[in-house]
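Subject: A structure for you to explore

Hi there,

Here is the structure I promised to pass on to you. Have a look around first, and then read on for what I found in it.

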Amino acid sequence: MAEEQRLILSMETEEEKTVYKEIYQGLMEEKEHISLHASGGELANAIFLHVLNDHPEIFWCDGNAVSTSYSETILQEAYVDFAPKYLCTGEEKERKKQEIDAAAGECLAAIQETASDYEKIKSVYEYLIQTVEYNLDAPDNQNIYSALAGKESVCAGYARSTQYLLNRLGIVCAYVTGTTTDADGNTEDHAWNMVRCEGEWYFVDTTWGDPMFQQEEEQVASRAMTYDYLCCTEDMILRTHTLKEEYDYPECGPDRWD
């Protein structure tokens, strides 16, 4: 992944860059234990989550359950024994990957190579809203398998699938998290995206565009798809969404997309 797609993680030290690469490689190889050149488990856990947020294609790893232990070698070189939890491995992982590829291919095949950035983003937005149902009880709902193959998910599945499909189309898209507040003042954790469209940054929230989500949240009675959260500005998104303050985000472009 290009450095520009890591919106919320600033790789300032060689240690961070090394640990990021070690975790990514270990997950791709489905290692039960990954030896990390990290100074402690807290750093390892933080970068682990960033790896998963940068790489939605790693659907086989559960980012909520990690085992770490801090040790030192005889040479006094610090390292962490990192044990990620896998949702599936081997043949099961490959079978699910084929299902994901089939669904992604269906979406991508309908988009012309000459389409503009906005047209590509809009097509992915519409595809996911039209094919996925919002369901809090959907299995694997924190990864792309739930939305693309299972056709049911929650915000994490919508956002990671948006990121995955747009990345495959060459659109820079990042996974962002924070909280949302509904009309009654209720706050809950949420995930959505930032995309770079025609050289400018915008927010996309595919979940909030889905009428199935809106009905479950009892916000609207209509089943109509809404485009309010397709390439919207910071002013628009911050009316209901709050980004995690500890991260840096690029400035949004002007309101150009109706």
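Let me begin with a puzzle: does Lys-96 count as buried or exposed? With a relative accessibility of 9%, Lys-96 counts as buried, because anything under 20% falls in that class. Please keep in mind that this is a predicted model.

Lys-96 is a good place to start looking. You will find Lys-96 in helix H3, which covers residues 90-109. Leaving aside residues up to four places away in sequence, Lys-96 touches Phe-59, Cys-88, Asp-140 and Tyr-145. With Tyr-145 there is something extra to see: the charged end of Lys-96 sits over the ring of Tyr-145, 4.8 Å from its centre. A second case involves an arginine: Arg-160 lies over the face of Tyr-175, and the distance to the ring centre is 4.0 Å.

Now for the overall picture. The protein has 258 residues, and 49% of them are buried. Its secondary structure comes to nine helices and nine strands. If you take the contacts between residues at least 6 apart in sequence, 60% of them join residues at least 24 apart. The accessible surface comes to about 12800 Å², and carbon and sulfur atoms account for 44% of that.

Next, the aromatic rings. The count comes to five aromatic pairs. One of them is formed by Phe-59 and Trp-60, in an edge-to-face arrangement with 5.3 Å from centre to centre and 85° between the planes. Both Phe-59 and Trp-60 are buried. The rings of Tyr-134 and Tyr-158 also pair: their centres are 6.4 Å apart and their planes meet at 40°, so this pair is tilted. Tyr-134 belongs to strand S4 (residues 133-134) and Tyr-158 to helix H6 (residues 155-168), so the pair ties together parts that are 24 residues apart in sequence. Tyr-134 is buried, with a relative accessible area of 8%, and Tyr-158 is buried too, at 1%.

Helix H1 makes a nice exercise with a ruler. Its 15 residues (14-28) should span 21 Å at 1.5 Å a residue, and the end C-alpha atoms are 21 Å apart, which agrees. Which residues of H1 are buried? They are Glu-16, Val-19, Tyr-20, Glu-22, Ile-23, Gly-26 and Leu-27. Just after H1 comes Glu-30, with a positive phi of about 55°.

There is a hairpin to look at as well. Strands S7 (residues 187-197) and S8 run antiparallel and are joined by five bridges. Met-194 has Phe-203, in S8, as its bridge partner. The hairpin has two residues between the strands, and Glu-198 takes a positive phi near 50° there. As for S8 (residues 200-204), four of its five residues are buried, which leaves the strand mostly covered.

Last of all, find Ala-183, in the loop between strand S6 (173-181) and S7. Is Ala-183 buried or exposed? Ala-183 is exposed, with a relative accessible area of 82%. Measuring from C-alpha to C-alpha, Ala-183 and Thr-240 are 8.7 Å apart in space, while 57 residues separate them in sequence.

Enjoy exploring, and write back with any questions!

Best wishes

Methods: Residues are numbered from 1 along each chain as its sequence is written. This is a predicted model: local features need pLDDT of at least 70, side-chain atom pairs count only at pLDDT 80 or more; totals for chains, interfaces and linings use all residues. Side-chain values use heavy atoms; hydrogens and water are left out. Rings of Phe, Tyr and Trp (its six-membered ring) pair if their centres lie within 6.5 Å; planes under 30 degrees apart count as stacked, over 60 as edge-to-face and the rest as tilted. Buried means under 20% relative accessible area, exposed over 50%, partly exposed in between (1.4 Å probe, protein chains only). A charge sits over a ring if NZ of Lys or CZ of Arg is within 6 Å of the ring centre and within 35 degrees of the ring normal. The expected span of a helix is 1.5 Å times one less than its number of residues. Two strands pair if DSSP finds at least two bridges between them. Contact means heavy atoms within 4.5 Å. Accessible areas come from the Shrake-Rupley method with a 1.4 Å probe; for residues, only the protein chains shown count as cover.
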